[in-house]
Amino acid sequence: MNNLIRLIGRRLIALPIMVLGVTFLVFFVMSFSPIDPAYGALGEGATQEAVQMYREKHGLDQPWIVQYGDFLGGMFQGSLGEYGVNSASVADRVMKAFPVTMQLTFLGLIIGVIVAFILGVVAAVYRDKWPDQVIRILSIACIATPSFWLAVLLILVFSFNLKIFPASGALPAFLTGGWWMRMILPAIALAVPLAGQLTRVIRTSMAEELDRDYVRTAVGAGVPRGEVIVKNVLRNAMITPVTVLGLRIGYLMGGAVVIEVIFNLPGMGMAILDGVTSNYPTLVQGVTLVVALAFIVINIVVDMLYILINPRIRSV
């Protein structure tokens, strides 16, 4: 238990260091943007006097390191800056968009994990038989399918032709019937490549675990094979898939940002698109920062879950 607490403590101590590194990197990269935030907020027709006043008001005439310090101070106070002619709050925009992205990400994650778990276990149990061969072909096809291409295909089939699911429009309240109808297609588009990748990982991990001596010993001693799989094999075989899943969540969130644009969902993807098309670098910076921080926090949580699942690592 002491080792477990120590390992979790290391992850938590590393969190603020990684957060600081991400903020520095994002701010540093965005400082090279050719877009002047003053013109982005005031418009291309703004006078030099108005631009200069805007720069002085928001500290844009200060050295880069001073601007970074002001940015950190504002971030710790919950402010990510302002954008647009009306000086809209970046933090308010992020607070509205971020839940939509997380809803889509985790709905896609749940669908992908459930499908991959079922297919992976079936493929391992029936290794080298026809179910395994079919699942192998299916998983390869899923891996080779780009999410954005599948999203367009789903819209054409289920929205335009069959008219079953909406492809655009306002997002209804969370977990209502309208919400499910609006989110299911983008979630499927997001989940299919993930399901293909995880299926192969779970199948390989399960097959290796089924070949271990303790499985043959337990089955030889009269313990039903199904009971051995459920009570022992599944838990031991999930260690590798959980690790892989932790690495894929960040990519899944990035994919969700793209899928949101295709399905016109009011998430972080649309916020970034608005920032780019409307010349709002502060909005792009704030959204990118929050997505990166969410990726770090999620991976810290996955690391902790990995420690809890794998007892062997607790003694390291």
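1. How many residues does helix α6 have, and what distance does this helix reach from its first C-alpha to its last? In this predicted model, helix α6 spans residues 130-143, which gives 14 residues, and reaches 20 Å between those two C-alpha atoms, close to the 20 Å expected at 1.5 Å a residue.

2. The burial pattern along α6 deserves attention, since the buried residues of this helix are Pro131, Asp132, Ile135, Ser139 and Cys142. These residues lie on the same side of α6, because they cover an arc of only 90° around the axis. An α-helix has 3.6 residues a turn, so residues three or four places apart point the same way. The cover over the buried residues of α6 includes α5 (90-125) and α8 (177-210), whereas Trp130 and Ile137, on the other side of α6, are exposed.

3. Helix α8, named above as part of that cover, contains Val192. Once neighbours within four places in sequence are left aside, Val192 is in contact with Cys142 and Leu150, and Cys142 is itself one of the buried residues of α6. As a gauge of distance, Val192 and Met206 are separated by 14 residues in sequence and by 21 Å in space, C-alpha to C-alpha.

4. On the surface, a nonpolar patch of about 990 Å² is made by Phe148, Trp149, Val152, Leu153, Leu156, Val157, Phe160, Leu162, Ile164, Met181 and Val258. Helix α7 (residues 147-161) gives the most to this patch, with 7 residues. Leu156, which is found in α7 and belongs to the patch, is partly exposed at a relative accessible area of 42%.

5. Two backbone angles should be looked at individually. Most residues other than glycine have a negative phi. Asp128, in the loop between α5 and α6, nevertheless has a positive phi of about 65°, and Leu175, in the loop between α7 and α8, has a positive phi near 65°. The two residues can be described separately in terms of exposure: Asp128 is exposed, with a relative accessible area of 55%, while Leu175 is partly exposed at 48%.

6. Which residues does the salt bridge between helices α5 and α12 involve? Of the 8 salt bridges in the structure, one joins the side chains of Arg93 and Asp274 at 2.6 Å, N to O. Arg93 lies in helix α5 and Asp274 in helix α12 (residues 268-277), so this pair ties together parts that are 181 residues apart in sequence. Arg93 is partly exposed at 22% relative accessibility, and Asp274 is partly exposed at 27%.

7. Another of these pairs is formed by Arg127 and Asp211, whose closest N and O atoms are 2.9 Å apart. This salt bridge links distant parts of the chain, with Arg127 in the loop between α5 and α6 and Asp211 in the loop between α8 and α9 (213-220), 84 residues apart. Arg127 counts as partly exposed at 29% relative accessibility, as does Asp211 at 37%.

8. Asp128, already noted for its positive phi, also forms a salt bridge with Arg136, the closest N and O atoms being 3.7 Å apart. Arg136 is partly exposed, at 31% relative accessibility. Salt bridges that share partners join Asp128, Asp132, Arg136 and Arg203 into one network, and Asp132 also appears among the buried residues of α6.

Notes. Residues numbered from 1 in each chain as written. Predicted model: local features only at pLDDT ≥ 70, side-chain atom pairs only at ≥ 80, totals over all residues. Heavy atoms only, no water. Helix = DSSP H or I, 4+ residues; strand = E, 2+ residues; numbered from the N terminus. Expected span 1.5 Å × (residues − 1). Buried < 20%, exposed > 50% of the residue type's maximum accessible area, 1.4 Å probe, protein only. Arc of directions from axis to C-beta. Contact = heavy atoms within 4.5 Å. Patch = residues over 30% accessible without salt bridge, like charges linked within 9 Å, V, L, I, M, F, W, Y side chains within 5 Å. Areas by Shrake-Rupley, 256 points an atom, 1.4 Å probe, with all protein chains shown as cover. Salt bridge = Lys/Arg side-chain N within 4 Å of Asp/Glu carboxyl O.
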